[in-house]
Amino acid sequence: MTGNKERKIPFQAALFDLDGTLLNSMYVWAEVDRRYFAEKGIPMPEDYPRALSGLSYRQSAEYTRARFGFPESWEEIVATWTRMSREEYHCRVGLKPGSREYLQYLKEQGVKLAVATALPPDLYEECLKRNGVYDLFDAFCSTKERSKEDGGIFLRAAAKLGVKPEKCAVFEDVYEGIAGAKRVGMQAYCILDAAASYAHGRIAEIADGMLESIWDMRRVHDLPGRCVIFAAVCEGTPGEACRMEAGDLALCADGGQNVAHAMGIVPDVVLGDFDSSREPANVPVIRHPKEKDDTDTMLCVRYALERGFRDILIVGGLGGRFGHSIANVQTLLFAGKHGARAVLDDGNTRMQLLTEGEITLIRRHEILSVFAVSPECTGVTLRGLQYPLENAVITNDFPVGCSNHFVADTAYVSVEHGTLLLVEEDERCRSAE
């Protein structure tokens, strides 16, 4: 419990791009581009995807036709792209983590929702329906109507919703969309995606927020559904790992109450067998026997999952007895298999898992290590780091991903099959080499 004042949502309407923002779909266009140029028998230029950023389907097709002298009409080029991409959107493309929960929360709070996208309806409608969010939107706008660069599509969406531009927030992943939203007087938040990493520096100069995930909107307004668990050991700086917000549920794993107390935090519940601390008298307690299968931290994670939390931060949990540190990493796996996003963070070191997906990380520390949790992780790609990888294989019997260094403000990690452990830390942390 934090005692912080409630922070209301600072907008009445939220306008969402789809590709790279709500949808984990940017791989589709890389695959379509690759197949399209392969069928033409020519290599795809490196700058081609960047040149299409913010363009509509028609504009992209006309650009492609003019640049490469292809004989097809723009309509025929669009038809080819649509054929190639339809199966992916209809059957496989999913939402980015937290997207469904955030949309549902905004809807419950009375915020009007709109889609503003370059995708044609025959691609996105079935995808949004399959992912259970189509009916949450009040309006749909396409770049066929207006463009993103001049903000026209966002003004069109605001008009459909009946909301003034200055009361709207736009969620985008590319510079053109962010710039267009700011041009017409709207708030603009960037969902980081590797496809637009070349422009993240420029975006940061004008955006109202750079979001590693939609959960980062808790910096802007209150969000329900985060559970913060304080582990019994925190050898780092817990204040760097966690800043409690109104609406957070604070759980302590036995001696974790000492960590919370040092931060001035009164927990909502303390769970454990109390072999490392005294049972508190002033907060709710759930006592467990010493002879049990679960660690105290696992008890807290189970408690959070049973109450519907899917955003979990474990403060500490690294250091002390090495066996407990390993157990806490396994607890991340448990949380992930039950649909939660869980992070271990002691302020000096941050750990999370990535299973068959992608993530763009904001540079918090100097080093990023990537380890295979599965026996074999395939299709591993690393960008924005000193030692990049592209579609590589990493196994759990060789630490090839240890101690990579950030060389950009963001780093991109993806894995097609398997689970990776991502470890962010600084040079000052003690080396065990």
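## A buried strand, S11

Buried means under 20% relative accessible area. By that cut-off, five of the five residues of strand S11 (residues 311-315) are buried, so S11 is largely enclosed by the rest of the structure. The model is predicted. Asp 311, Leu 313 and Val 315 point one way from S11. Ile 312 and Ile 314 point the other way. Residues of both groups are buried.

S11 has pairing partners in S7 and S12. Five bridges join S11 to strand S7 (residues 226-230), and the two run parallel. One register point is Phe 230, whose bridge partner in S11 is Val 315. The pairing of S11 with strand S12 (residues 341-345) is also over five bridges, in the parallel sense. Here Ile 314 has Leu 344 of S12 as its bridge partner. Strands of a sheet pair through backbone hydrogen bonds, either parallel or antiparallel.

## The six-stranded sheet

An open sheet is built from six strands, in the order S3-S2-S1-S4-S5-S6. Its pairing is parallel. Strand S3 (139-142) and strand S6 (209-211) are the edges, each pairing on one side only. From one strand to the next, the twist averages 20 degrees.

At the S3 edge, strand S2 (residues 112-117) pairs with S3 over four bridges, in the parallel sense. Ala 116 has Cys 141 of S3 as its bridge partner.

## Helices on the sheet

Helix H5 (residues 99-108) packs on this sheet. It touches strand S1 (13-16), S2 and strand S4 (168-172). The direction of H5 makes about 155 degrees with that of S1.

Helix H8 (residues 175-183) packs on the sheet too. H8 touches S4 and strand S5 (187-191). Its direction makes about 170 degrees with that of S5.

## Helix H4 and its partners

Helix H4 (residues 74-91) packs with helix H1 (residues 26-40) at an angle of about 135 degrees. Their axes are 10 Å apart. The angle makes H1 oblique to H4. The crossing is right-handed. From H1, the contact uses Tyr 27, Val 28, Trp 29, Val 32, Arg 35, Tyr 36 and Glu 39. From H4 come Ile 77, Thr 80, Trp 81, Arg 83, Met 84, Ser 85, Glu 88 and Tyr 89. By class, this contact has nine nonpolar, two polar and four charged residues.

H4 also packs with helix H6 (residues 121-130), at an angle of about 10 degrees and with axes 8 Å apart. That makes H4 roughly parallel to H6, because angles under 35 degrees count as roughly parallel. On the H4 side, the contact is made by Thr 82, Ser 85, Arg 86, Glu 88, Tyr 89, His 90 and Cys 91. On the H6 side are Asp 122, Leu 123, Glu 126, Cys 127 and Arg 130. The contact of H4 with H6 has four nonpolar, three polar and five charged residues. Ser 85, Glu 88 and Tyr 89 of H4 appear in the contact with H1 and in the contact with H6.

## Cys 377

Cys 377 lies in strand S15 (residues 376-383). Its relative accessible area is 0%, so Cys 377 is buried. Cys 377 and Glu 416 are 39 residues apart in sequence. In space, their C-alpha atoms are 7.6 Å apart.

Neighbours within four places in sequence aside, Cys 377 is in contact with Ala 372, Ala 392, Val 393, Ile 394, Val 415, His 417, Gly 418, Thr 419 and Leu 420. Ala 392, Val 393 and Ile 394 fall in strand S16 (389-395).

## Two positive phi angles

Most residues other than glycine have a negative phi. Phe 274 and Ser 403 depart from this pattern. Phe 274 has a positive phi of about 55 degrees. It sits in the loop between strand S9 (269-272) and strand S10 (285-287). With a relative accessibility of 10%, Phe 274 counts as buried.

Ser 403 is not a glycine either, and its phi is positive at about 55 degrees. Ser 403 is in the loop between strand S16 (389-395) and strand S17 (404-405). Its relative accessibility is 30%, so Ser 403 counts as partly exposed.

Conventions
Residues are numbered from 1 along each chain as its sequence is written. This is a predicted model: local features need pLDDT of at least 70, side-chain atom pairs count only at pLDDT 80 or more; totals for chains, interfaces and linings use all residues. Side-chain values use heavy atoms; hydrogens and water are left out. Axes are lines fitted to C-alpha atoms, for helices over the stretch in contact, and angles run from 0 to 180 degrees between N-to-C directions. Angles under 35 degrees count as roughly parallel, over 145 as roughly antiparallel, 65 to 115 as roughly perpendicular and the rest as oblique. A crossing is left-handed if the near helix is turned anticlockwise from the far one by less than a right angle, and right-handed if clockwise. Contact means heavy atoms within 4.5 Å. Ala, Val, Leu, Ile, Met, Phe, Trp, Tyr, Cys and Pro count as nonpolar, Asp, Glu, Lys and Arg as charged, and the others, Gly among them, as polar. Buried means under 20% relative accessible area, exposed over 50%, partly exposed in between (1.4 Å probe, protein chains only). Two strands pair if DSSP finds at least two bridges between them.
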